[in-house]
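Work through these short exercises with the model open. Try each task before you read its solution.

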Amino acid sequence: MSDPHGRPGAKWRRPSLWVVVVLVFAMGIGFLARPQGQRATSLQRSSLRTTPDGVAALARGIERFGRRTHPRTTPLADADPVRGTIVLLRPRLFATPREVHALLDHVRDGGTLLYSPLFAPSAPYPLRTPLADSLGVYFRRRSPVEEFRGDSLPHAEWTDHALTEGLGPPHRVDHGFRVLGVDDDSVAARVGDVRRMLTARDSDEETWTAAAELVLGEGRVVMLTSAASLSNERAGDDPLAVLTVRAALAHTALDDTVFFAEYHQGIRGSLTRAQAIRNFFLDSPGGRALLHAVAVCFLILACVGFRFGAPMPRVAPPDQERRSPLEHVSALGDLYRKAGATRTAALRLLSRLARATRHPPPRDRAEADAMLRTLSAADGHNSPLNKVRQSLGDEPPDLPAIAAGIDEHLARRSSP
């Protein structure tokens, strides 16, 4: 990549080099922006996530006690049959009515659902999602003041239940739920029974349920108000996570599987590396910004590197024939003569002598005189360069005599 003309820094002006620089820069930014184990851009209670918001620790805890776990990346209807224990935690994608029908049929036949609905403080009363509505579940409405302060329900306590034995004091409870037809007489009950495991009283001394078993046919729905206690960030010291692991072990046979509904977390299946890169550059704001920046850089480089026509035609037109070297020199001499720059022409003639003798080209008469005195010191008084010095001192300088003296000196140096 060296410059044939000796221009310093010419290689940095080559577009191909900057193409490589832009690609390396983009790859470096992409590497730094890759998903990290301690960073998440959205909240997902997924068993595939090891970030603080995920529930990978819950899945591994269940596996450690002898039950298989598996991520389910297909819907609950028109796909694989529903089987085993289903874990549905704060789903980002609500189950459709057909999925609800298939899931509740599975529970009535003896299956188990570990369910924590998505709590929306601004949702109408009761919460109208297909699954929660089918179970008759509605949440306690939180006031704007409670939401602003982040207040929790006081007086949380465990009830007398087989799964709550030996658990430590419960942590704070943000909200609670009730079941239509069981906790009130408004409509007929949609579940057979409610076996409460964790309750809390609000400031009006009304009791709300935070964790319970909803009996439905031969199976049950283990209902939790919030999945935050099951996250990787809190599962290590929250007794509610221990309760959930106990429920999964108690209601899942040894040869059965605990399925985490990843499809409803927005996960459709495992991604290849190419798909992950595509999603980064097309689906994330940072990736799209980087893609546009790279595209602009390539457009600039393309414009810089594109030759908009040749600098001169390969064959000169008849009216613009190129001059021969002799004509070029003659024309240059005429320009110097007309401009009265005879001394400049003399210095240009001495530049040839300086290059041949490895001296710096003289910039004025003093430098030229010093160079000629040095070169003629060993040749005597009648040396060709002494004649050149005399001709250089004339006014105007005798250019033919200077050129002849330089030629004679160079001819003597080259002769054996």
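**Exercise 1. Place Glu-205 and classify its exposure.**
Task: Decide whether Glu-205 is buried, partly exposed or exposed.

Solution. Keep in mind that this is a predicted model.
- Step 1: Take the relative accessible area of Glu-205, which is 49%.
- Step 2: Apply the cut-offs: buried is under 20%, exposed is over 50%, and partly exposed is in between.
- Step 3: Glu-205 is therefore partly exposed, at 49%.
- Step 4: Locate the residue. Glu-205 sits in the loop between strand 7 and strand 8.
- Step 5: Check its backbone. Phi of Glu-205 is near 65°, a positive value in a residue other than glycine.

**Exercise 2. Do the same for Asp-78.**
Task: Find where Asp-78 lies, and say whether Asp-78 is buried or exposed.

Solution.
- Step 1: Asp-78 belongs to the loop between strand 1 (68-72) and strand 2 (85-89).
- Step 2: Its relative accessibility is 64%, so Asp-78 counts as exposed.
- Step 3: Asp-78 has a positive phi, near 60°, and is a residue other than glycine.

**Exercise 3. Test the length of helix 6.**
Task: Work out what span helix 6 (residues 239-250) should have, and compare it with the model.

Solution.
- Step 1: Helix 6 has 12 residues.
- Step 2: The expected span is 1.5 Å times one less than the number of residues.
- Step 3: For helix 6 that gives 16 Å.
- Step 4: The end C-alpha atoms are 16 Å apart, so the two values agree.

**Exercise 4. Describe the surroundings of helix 6.**
Task: How many residues of helix 6 are buried, and which elements do they pack against?

Solution.
- Step 1: Count the cover. Of the 12 residues in helix 6, 9 are buried, and the helix is mostly covered.
- Step 2: Name some of them. The buried residues include Leu-240, Leu-243, Val-245 and Leu-249.
- Step 3: Find their partners. The buried residues pack against helix 2 (56-64), strand 3 (112-116), strand 5 (157-158), strand 7 (193-201), strand 8 (207-216) and strand 9 (219-224).
- Step 4: Look at the start of the helix. There, a side-chain oxygen of Asp-238 comes to within 3.0 Å of the backbone nitrogen of Leu-240.

**Exercise 5. Look at rings and the whole chain.**
Task: Which residue lies over the face of Trp-208, and what share of the chain is buried?

Solution.
- Step 1: Arg-178 lies over that face, at 3.9 Å from the ring centre.
- Step 2: The structure holds 0 aromatic pairs.
- Step 3: The protein chain has 13 helices and 10 strands.
- Step 4: Of its 416 residues, 38% count as buried.

Technical notes: Residues numbered from 1 in each chain as written. Predicted model: local features only at pLDDT ≥ 70, side-chain atom pairs only at ≥ 80, totals over all residues. Heavy atoms only, no water. Phe/Tyr/Trp six-rings, centres within 6.5 Å; stacked < 30°, edge-to-face > 60°. Lys NZ or Arg CZ within 6 Å of the ring centre and 35° of its normal. Helix = DSSP H or I, 4+ residues; strand = E, 2+ residues; numbered from the N terminus. Buried < 20%, exposed > 50% of the residue type's maximum accessible area, 1.4 Å probe, protein only. Contact = heavy atoms within 4.5 Å. Polar contact = N/O pair within 3.5 Å; in protein donor to acceptor, adjacent residues only side chain to side chain.
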